[in-house]
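Subject: The structure we talked about

Hi there,

Here is the structure I promised to pass on. Have a look at it first, and then read on for what turned up.

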Amino acid sequence: MSLTFTDQLDKPSEITTIPNQFIRPVFGALYGFDTPQTPVVDGALTTELTEPLTTELGDFLAFDENVAYWTPASLTTENWYDAADTSTITDTSSVVTQWDDKSGNANHLTAVGSSIFTDRRTRNSSNVMDIEEGSYFRKTAYQLPADCSIFMMAGIDSINVNTDALLAIRGGASNNFQFDSGDAVGVQDQFFARFNATNIGTTNTFSPTVDQKGPSIYELIFDLNGDGDLEVFIDGTTFGTTAYTAQCGANSELLLFTNRSLNQYPDGCAAEVIIVPSVLSTTDRQKMEGYLAHKWGLTAQLDVSHPYKTSRPLA
């Protein structure tokens, strides 16, 4: 048996160390084997002499064919919409009418308009919602938790006004917001990631000069009872904070791909939306980013220092 090692390998192998959980051994990336059947003794890879293969630290190397990867099911979720799980989508001839919530809280989204399609567009070989301008998703009788972490994997094809919004909370006795284009200079078709708030905090444009149409992982971390701020991340990189002073009102509406006035709509796609009713720790936030990035083919957009740049988070 021979081994090849390289520093140029982008995709890690499926070899894990025992007892550690490092994907790559300390001496470099393990590239592969020249035999289809690798000897295994008590779960450890061995040489032809049946000696265990180890790292410089003395950890045994083994194939684990039953690796359990982390998913949002490891957390308590308030809302979870996953277009890759087509069993959660109700449609007629690919025209979507409902997108079911996987959290168990029955926060199902209703499609408004007839231009949201399933089975027509994919990302990283998985189904996504194709949302044309003029249609959107809505959940009525909803209140966003005071402390929460929102993750939205989406992409924008086109924008024609600065209030085109990816996500909004409408109503709630005027305590609400929208996450919109925020194009203050009148240049159409750019998304500058504005938190546009009414009575819940300070409006802020988080990327005022760089277009963020994606596809990307958009993250809004609402921390009312801790630091009293909202922090925005895009693809795992922070874009800063702004003041967050009051919870969104009760009896609100959760909206995707429209603004609070229900009259401006970006054109694009939505793959997955997850709302966790807490401020996630850095560890759990990065696991969520890694899960979404690997699932939807966005690992190239994670910073090189991200712990899940090259490997999926393990359960």
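To start with the whole chain: of its 315 residues, 49% are buried. Please keep in mind that this is a predicted model. The fold is built from 25 strands and one helix. Long-range contacts are a good thing to look for as you turn the model around: of the contacts between residues at least 6 apart in sequence, 60% join residues at least 24 apart. On the outside, the accessible surface comes to about 13,800 Å², and carbon and sulfur atoms account for 45% of that.

Next, the interior. The largest nonpolar core is made of 45 residues, and those with the most contacts inside it are Trp99, Met129, Phe137, Leu144, Phe177 and Phe222. The strand that gives the most to this core is β16 (residues 147–158), with five residues. There is also a second, separate core of 21 residues, with Val128, Met153, Phe233 and Tyr291 among them.

Leu144 is a handy place to zoom in. Leaving aside residues up to four places away in sequence, Leu144 touches Phe177 and Phe222, along with Ile150, Ile169, Gln247, Cys248 and Ile275.

That brings us to the cysteines. How many disulfides does a search of the whole structure find? The answer is zero. Take Cys248 as an example: its closest cysteine sulfur is in Cys148, and because the two sulfurs are 7.9 Å apart, they are too far for a bond. A disulfide would need the pair within 2.5 Å. Cys248 counts as buried because its relative accessibility is 1%. Cys269 counts as buried too, with a relative accessibility of 7%.

Finally, a residue I enjoyed looking at: Lys213. You will find Lys213 in the loop between β20 (204–205) and β21 (216–223). Is Lys213 buried or exposed? Its relative accessibility is 14%, so Lys213 counts as buried, the cut-off being under 20%. A polar atom of the Lys213 side chain lies 2.9 Å from the backbone oxygen of Asp189. Asp189 is also one of the residues that Lys213 touches, not counting those up to four places away in sequence; the others are Gly155, Ile156, Asp157, Ile159, Phe191 and Tyr218.

I hope this gives you an easy way in. Do write back with any questions.

Best wishes

Terms used. Residues are numbered from 1 along each chain as its sequence is written. This is a predicted model: local features need pLDDT of at least 70, side-chain atom pairs count only at pLDDT 80 or more; totals for chains, interfaces and linings use all residues. Side-chain values use heavy atoms; hydrogens and water are left out. Helices (H or I, at least four residues) and strands (E, at least two) are DSSP runs, numbered from the N terminus. Buried means under 20% relative accessible area, exposed over 50%, partly exposed in between (1.4 Å probe, protein chains only). A polar contact is a pair of N or O atoms within 3.5 Å; within protein, one must be able to donate a hydrogen and the other to accept it, and residues adjacent in sequence count only if both atoms are side-chain atoms. Contact means heavy atoms within 4.5 Å. Accessible areas come from the Shrake-Rupley method with a 1.4 Å probe; for residues, only the protein chains shown count as cover. A nonpolar core is a set of buried Ala, Val, Leu, Ile, Met, Phe, Trp, Tyr and Cys residues joined through side-chain atoms within 4.5 Å.
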